[in-house]
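Welcome! Here is a friendly walk through a structure that may be new to you, taken one region at a time.

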2 protein chains.
Amino acid sequence: MLPRGRPRALGAAALLLLLLLFGFFLFREDLECERRERGGSRAFPCVLTPRIPLDGRPRGTADLDGGPQVDHRGHNHSDCIPPLPLPPKCELLHVAIVCAGHKSSRDVITLVKSMLFYRKNPLRLHLVTDAVARSILETLFHTWMVPAVRVSFYDADELKPQVSWIPNKHYSGLYGLMKLVLPGVLPPDLARVIVLDTDVTFASDIAELWALFVHFSDEQAIGLVENQSNWYLGNLWRNHKPWPALGRGFNTGVILLRLDRLRQAGWEQIWKLMATQELLALPATSLADQDIFNAVIKGHPGLVQPLPCIWNVQLSDHTLAERCYLEAADIKVIHWNSPKKLRVKNKHVEFFRTLHLTFLEYDGNLLRRELFGCPSPLPPQAEQLQQALAQLSEEDACLAFRQQQLTMHRVHITFLPHEPPPPGPYDVTLVAQLSLDRLQVLEALCRHWPGPMSLGLYLTDAEAQQFLRFVEASAVLSARKDVAYHVVYREGPLYPINQIRNVALAQALTPYVFLSDIDFLPAHSLYDYLRASIKQLQLGSGRKAALVVPAFETLHYHFSFPSSKAELLALLDAGSLYTFRYHEWPRGHAPTDYARWREAQAPYRVQWAADYEPYVVVPRDCPRYDPRFVGFGWNKVAHIVELDAQEYELLVLPEAFAIHLPHTPSLDISRFRSSTTYRDCLQALKEEFHQDLSRRYGAAALKYLTALRQP
Amino acid sequence: MLPRGRPRALGAAALLLLLLLFGFFLFREDLECERRERGGSRAFPCVLTPRIPLDGRPRGTADLDGGPQVDHRGHNHSDCIPPLPLPPKCELLHVAIVCAGHKSSRDVITLVKSMLFYRKNPLRLHLVTDAVARSILETLFHTWMVPAVRVSFYDADELKPQVSWIPNKHYSGLYGLMKLVLPGVLPPDLARVIVLDTDVTFASDIAELWALFVHFSDEQAIGLVENQSNWYLGNLWRNHKPWPALGRGFNTGVILLRLDRLRQAGWEQIWKLMATQELLALPATSLADQDIFNAVIKGHPGLVQPLPCIWNVQLSDHTLAERCYLEAADIKVIHWNSPKKLRVKNKHVEFFRTLHLTFLEYDGNLLRRELFGCPSPLPPQAEQLQQALAQLSEEDACLAFRQQQLTMHRVHITFLPHEPPPPGPYDVTLVAQLSLDRLQVLEALCRHWPGPMSLGLYLTDAEAQQFLRFVEASAVLSARKDVAYHVVYREGPLYPINQIRNVALAQALTPYVFLSDIDFLPAHSLYDYLRASIKQLQLGSGRKAALVVPAFETLHYHFSFPSSKAELLALLDAGSLYTFRYHEWPRGHAPTDYARWREAQAPYRVQWAADYEPYVVVPRDCPRYDPRFVGFGWNKVAHIVELDAQEYELLVLPEAFAIHLPHTPSLDISRFRSSTTYRDCLQALKEEFHQDLSRRYGAAALKYLTALRQP
């Protein structure tokens, strides 16, 4: 109630005071926003409520010149709204990515690493993949075991009919168009999703991007950053006729999608109609989905919420992005949207490369970190591993061995393009493993073995990039599409040799495998000879045999490789070659019986003996290597024991041979030699292995134990 | 003017409206803050204006249980003030760190890497260092060339008298106390500084920490996070008598200092008085500076501004930090404040280790990125390098060679503890370089060479950590304090062999150096024999000579090293040893004249000839290696040419020898062999080298050119 006495003066005074106060608050709001702009409020850029006229350029299109979408030249519009909070601590964020092929799979992993590095929320990844990307990424995420990340796959090939009618000139091909069909593909109850191209890199927390959903008006359904080039303005060169767009148009490398609203608005009809209509005048899309998104937006400008430019800093050849990032306090997402990718010409490209290389080379194992305070259920196998690890005793002298055995290594299968011919019925894949210090041998190996190979590489993330550059620089290696390289990421101090071998073995696609070591060069004829022998010996018809390839060695880094068994024998007699490990460990190959081999004209059977470790050809479904053997020692021996226990015949091939090249001793063998603990632990592993053998094979396994106990 | 007609009703309505609006704004403020708290506003935690009673616990001390210092249980105090902006985009932030010795220098580098990774502001580092840390860090920052980072050094040894009177039981020793004297040491016009312990790691932008200065009231001068253990509550065990503190006290691993206010308040008198007073009752400080800071704060609680716990998450054995980080949306700085560091027992230690390992292993070269929009003047040498790089032609087939030559590699000298005995007048240091694949040879080398060594290691940041673990695991290597390891960080595709050698050579501390290669094992007697020869040949008296150590090689990884020249000759005759590169490149050592050496009883002079590349002993001030030779080829040959051009006598020592061990060929030699471009580029380098020789030595250099032109 207002006082009745002296009403006017008092009322006026009170009103004046209130007006002043009110004005102060209003003014302060403005001031705050302005300060934030100038001072660089990083987490909460002021965002304009968008006002895109139906018939004109959206305000956002004038906005290449500053970071957040605010006029920087002093005209502070009062539609600057205060910053909004990030999503709640444990809110699940959804991300969709279309990915096909080997290269895109590598790109997606780098993108995901950058996202995981900064994220603090649980994530659900919706991956639309072809068969290649699916098998790569499924294996990767299965072995990565990142807490609070769930991955769903959607079959891109099934979606092809929905977009294959659209002619498209963009290098991303058909897959480039698939973002258009996401509203129909993703779960019907999923309302919001961030859609990303495979060639973006995060430099900030994706939750800040997700937070921009709250700025959407009731009709807006698509959040996009303006295109940072003049492409859509047209006439970049003669006959350049871009698809229609509002002003510079928008870039679809980073999209916020309100799926619920798009579905409700009849998105599928809208974009199909628009595409059909434009295709009457234009021969094809040039920029895939982006052309169609822009055409739709031009027709329905109310759908779009422009996002601050820092959320999609586009690094094409003639980008205008500089106007964005030079003024901005911060860069949130970079987008390598030139077909040249990191080789793009741009005066600041070195800066952006460092951001990208950070995650390209980042040790993905470090991203296996939990989210404090959020439930982060682990996949079942991760749970088991954690329990097993927790049960290990800190006092155990062999703790390092136990931990290494329990380590689940991240695996990236077919790291490089792999398109082998369909395997024949007697075909054989060379299986081996290596680390970076053996890359030099690959070219020679390719020359000696013209058939398929499945190689396990034990590398850090940074080394995997070195490996990639090495292959790209080699004409010999680049030409081979039948060599599959499977990266097993390094973790822990001991070399998990048998785990790496098992990865390579599991990926072999031919019915037979030649289980070799990377330092062996096979006889040039070996690939043909093995296939002929497999056929001749009727291995396919249920005959359970392991074909032994006799092993030799040279001490010289340069030597002329024998072209026949006769030449090999001559070199052996001349002392230029030796039987393998003749000086250090003749037991390992003694049962092969080199004397008999000299004369042999036909395959001959030999008996297992202690410490025998020949290189053999076996069916692909042979027993796996025992992963308990980590580091140096007994890793192959145990596998041959297993073959013998399963009653594989051991047949030595009379014309087969492979020659070991010299190399620096591994760190593991040095440790074995210098540490009694190391040797004791290996002894303990052997004994446990034999206990398991007895358990599985009963009395038949006794002979192995007896052999072990003999000096 | 108020309207005169219908004044009351209208006035009342207007007033009501304004009240409503006013109320809305007030209310919204509160709401915002609350939402920010719950939703986890990461960049701007709401901060309470501190109210610390003079006689009681500060409010902050009750605040272990949540992230930002706000009561989370629903009692929203109205002293929640709105978030404040970050410092202006290009504001210079000051950081002070006390650092002494080899280990702390390594720690500081990791801390600085984490800081640089997130920073967006120019930084000025104030480093209070002993002589060891200064030489390490000066070289590091000089070669790192990070834009917008300036470093100032302050001599810790000069400050010792100011704190050495305080008995201190903390493991950080005297240096642990030096933070107390910073207000007097840092430039008098410096008003604000962030002070950090060497064992903290950033997980966020330091500008957010700097922004907390604005919360200081007029009298507050020290910003600190509460101690996250019960240490200062006392009675942790029998006879545990901590220094006085407010409640749990504060941790001094992260400090915001208002230097201006401390100076004005007479800080030096205050803390000295307090320390003197407490030391009457207590025998010594247990936690160094932290005890004294806490005692002062207990006496002057108005000085302290409590900081949110996330800015110093303390990871000691029995930390209460979990109460902080489980609720917080974000962790900003972690502090390894247990003497056990990363081996501390803590159920979440794996999480924190991943944050730390991220920067331990991060490629520091990637931090050489500019700050967009801020002036980032480069050091002069960086400017020159950039210009030279910009002038290279993209078309040049040898571009990779040119770029590699111009690369300034980051250098970390004396990566591990190095305390050599004072060098004698004839003392000689073995100088060599290696990469990770040669670590295995180090133990053997230590056994063969009991004298000082200066080794350049070409490593990535991650490999440097592998190297560290390798040395720590080796009793032989750990015992040697006279072997200096200098890390040259990898960058670029070609091996900068001569740049690495020059780093090792420049760090040799003895008057003479033995310029060897890492794969050579010297005769066991060589170190003594060389010193005797130097003395005997009077090299010190101005005789300009290079003493040649004849080189041999074995092809066997296992062989018994000859204990005398006679034994060596016997092995040579038996074909177990060869003269070095006898099979591949005899020219390299032909002038040594092995036939003459067999019989020689005294040193003999030999003449230079083309391609001669012996291993020599020379004075430390000998010519440097020519850094233009990167990759494989001619790098040592050019150095010997330079010695000959400067008229060094070449004297072969009759009892000296070293034996080369076999190893896998390097990637560079493989490239040399397989690429004609590589060979052409090497040829171009040679020719440029000879042009430079002619320029420097005139006609005397003609013989080298003539020799080069001969087939």
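## A first look at the sheets and rings

In strand S10 of chain B, Ile334(B) is the bridge partner of Val313(B). Please keep in mind that this is a predicted model. The pair of residues belongs to a parallel match: S9(B) and S10(B), the latter covering residues 333-335, are joined over two bridges. Together with a further strand they make an open sheet of three strands, ordered S5-S10-S9 in chain B, and its pairing is mixed. Strand S5 (200-202) and strand S9 (313-314) of chain B are the edge strands, since each pairs on one side only. Helix H11 of chain B, residues 349-360, packs on this sheet and touches S5, S9 and S10 of chain B. The direction of H11(B) makes about 80° with that of S5(B).

### A covered strand in chain B

Our next stop is strand S6 of chain B. How many of the five residues of S6(B) are buried? Five of the five are, so to speak, under cover: the strand, residues 222-226, is mostly covered. S6(B) has an antiparallel partner in strand S7 (residues 250-258) of chain B, with five bridges between them. Within that pairing, Val225(B) stands opposite Asn251(B). S6(B) also runs parallel to strand S8 (residues 304-307) of chain B, to which four bridges join it. There, Leu224(B) stands opposite Pro306(B) in S8(B).

### Chain A and its seven-stranded sheet

Now let us turn to chain A. Its secondary structure comes to 24 helices and 25 strands. Chain A has 711 residues, of which 61% count as buried. Contacts between residues at least 6 apart in the sequence of chain A join residues at least 24 apart in 80% of cases.

Chain A has an open sheet of seven strands with mixed pairing, in the order S5-S4-S3-S6-S9-S8-S10. Its edge strands are strand S5 (149-155) and strand S10 (304-307) of chain A, each of which pairs on one side only. Neighbouring strands of this sheet are turned by 25° against each other on average, with direction ignored. Helix H2(A) packs on the sheet, where it touches strand S3 (93-99), strand S4 (123-129), S5 and S6 of chain A. The direction of H2(A) makes about 160° with that of S3(A).

Strand S6(A) is a good place to pause. Four of its five residues are buried, which leaves the strand mostly covered. S6(A), residues 192-196, runs antiparallel to strand S9 (residues 250-258) of chain A, and five bridges join the two. S6(A) also runs parallel to S3(A), this time with three bridges. Some residue pairs in these matches are set out below.

| Residue | Partner | Strand of the partner |
|---|---|---|
| Leu196(A) | Val254(A) | S9(A) |
| Ile194(A) | Leu256(A) | S9(A) |
| Ala96(A) | Val195(A) | S6(A) |

As background, strands of a sheet pair through backbone hydrogen bonds, either parallel or antiparallel.

### Two crossing helices

Helix H2 of chain A (residues 101-118) also meets helix H11 of chain A (residues 349-360): their axes come within 8 Å and cross at roughly 90°. That crossing makes H2(A) roughly perpendicular to H11(A). Which residues of H2(A) meet H11(A)? They are Thr110(A), Lys113(A), Ser114(A), Phe117(A) and Tyr118(A), and their counterparts in H11(A) are His356(A), Phe359(A) and Leu360(A).

### Aromatic rings and charges

The last stop is the aromatic side chains. The count over all chains comes to 71 aromatic pairs. In one of them, the rings of Phe117(B) and Tyr118(B) have centres 4.9 Å apart and planes at 85°, so the pair is edge-to-face. Are these residues buried or exposed? Phe117(B) is buried, at a relative accessible area of 7%, and Tyr118(B) counts as buried at 12% relative accessibility.

Ring pairs also link residues of both chains into a cluster: Phe117(A), Tyr118(A), Phe359(A), Tyr362(A), Phe117(B), Tyr118(B), Phe359(B) and Tyr362(B).

Arginines are found over ring faces too. Arg106(A) lies over the face of Phe415(A), 5.5 Å from the ring centre. In chain B, Arg410(B) lies over the face of Tyr489(B), at 4.0 Å from the ring centre.

Note on methods
Residues are numbered from 1 along each chain as its sequence is written. Chains are lettered from A and ligands numbered from 1 in the order in which they are written. This is a predicted model: local features need pLDDT of at least 70, side-chain atom pairs count only at pLDDT 80 or more; totals for chains, interfaces and linings use all residues. Side-chain values use heavy atoms; hydrogens and water are left out. Two strands pair if DSSP finds at least two bridges between them. Contact means heavy atoms within 4.5 Å. Axes are lines fitted to C-alpha atoms, for helices over the stretch in contact, and angles run from 0 to 180 degrees between N-to-C directions. Rings of Phe, Tyr and Trp (its six-membered ring) pair if their centres lie within 6.5 Å; planes under 30 degrees apart count as stacked, over 60 as edge-to-face and the rest as tilted. Buried means under 20% relative accessible area, exposed over 50%, partly exposed in between (1.4 Å probe, protein chains only). A charge sits over a ring if NZ of Lys or CZ of Arg is within 6 Å of the ring centre and within 35 degrees of the ring normal. Angles under 35 degrees count as roughly parallel, over 145 as roughly antiparallel, 65 to 115 as roughly perpendicular and the rest as oblique.
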